Amino acid sequence: MCPECGVAGAWHPTYTEAWVLLEPAQILPAYIVPPRQRWLIDGNDIAWNTGDDEPAPGAPRRIAHRLVCPGLERQDLWPWLTALELENARRAQRQADQGTLPQLPDTG
Ligand SMILES: [Zn+2]
């Protein structure tokens, strides 16, 4: 059971002597699961994170419940997108400060 939201689930041991609560097994395309968030269960029933490596096609990869727990604040899973968003905000502010913002079309 998740201590944050109370949802029932199975905790799995890991090779780092920690435990991880995983969402039920799903075969998700690797591209929709951010690197370092993909978990597999090996033949010893130990959960291990594939890191930056993509699991074999068709492998039932899982995600940690904490990524989708309603009792926790959502993690920034794509930090490079956040960095780009912040850079664009800075660029837009610089353009506004210089009075060089382009006219946007009326999208009505
Ligand atoms: Zn939870």
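**Zinc site and nonpolar core**

Along the chain, the donors of the zinc ion follow the spacing C-x2-C-x59-H-x3-C. C2 lies in the segment before β1 (10-13), and H65 lies in the loop between β4 (47-49) and α1 (79-98), so this pair ties together parts that are 63 residues apart in sequence. The model is predicted.

**Zinc coordination**
- Four residues coordinate the zinc ion: C2 through SG, C5 through SG, H65 through NE2 and C69 through SG.
- The coordination distances run from 2.1 to 2.3 Å.
- The site is tetrahedral, with angles of 102 to 114° among the four donor atoms.

**Exposure of the donors**
- C2 and H65 are both buried.
- C2 has a relative accessible area of 5%. That value puts C2 in the buried class because the class covers anything under 20%.
- C5 has a relative accessible area of 29%. C5 therefore counts as partly exposed, between the limits of 20% and 50%.

**Disulfides**
- A search of the whole structure finds zero disulfides.
- The cysteines C2, C5 and C69 instead appear as SG donors to the zinc ion.

**Nonpolar core**
- The largest nonpolar core has five residues: V20, L22, W39, A47 and A64.
- L22, a member of this core, touches W39, A47 and A64.
- Beyond these, L22 also touches A10, H12, I41, R62, I63 and H65. These contacts leave out residues up to four places away in sequence.
- H65 links the two topics: H65 is a zinc donor through NE2, and H65 is in contact with L22.

Notes:
Residues are numbered from 1 along each chain as its sequence is written. This is a predicted model: local features need pLDDT of at least 70, side-chain atom pairs count only at pLDDT 80 or more; totals for chains, interfaces and linings use all residues. Side-chain values use heavy atoms; hydrogens and water are left out. A disulfide is a pair of cysteine sulfur atoms within 2.5 Å. Buried means under 20% relative accessible area, exposed over 50%, partly exposed in between (1.4 Å probe, protein chains only). A nonpolar core is a set of buried Ala, Val, Leu, Ile, Met, Phe, Trp, Tyr and Cys residues joined through side-chain atoms within 4.5 Å. Contact means heavy atoms within 4.5 Å. Donors are N, O and S atoms within 2.8 Å of the metal (3.2 Å for Na, K and Ca); water is not among the atoms, so sites may look incomplete. Four donors count as tetrahedral if all angles lie between 85 and 135 degrees; four count as square planar and six as octahedral if opposite donors are over 155 degrees apart and all others between 65 and 115; anything else is irregular. Helices (H or I, at least four residues) and strands (E, at least two) are DSSP runs, numbered from the N terminus.
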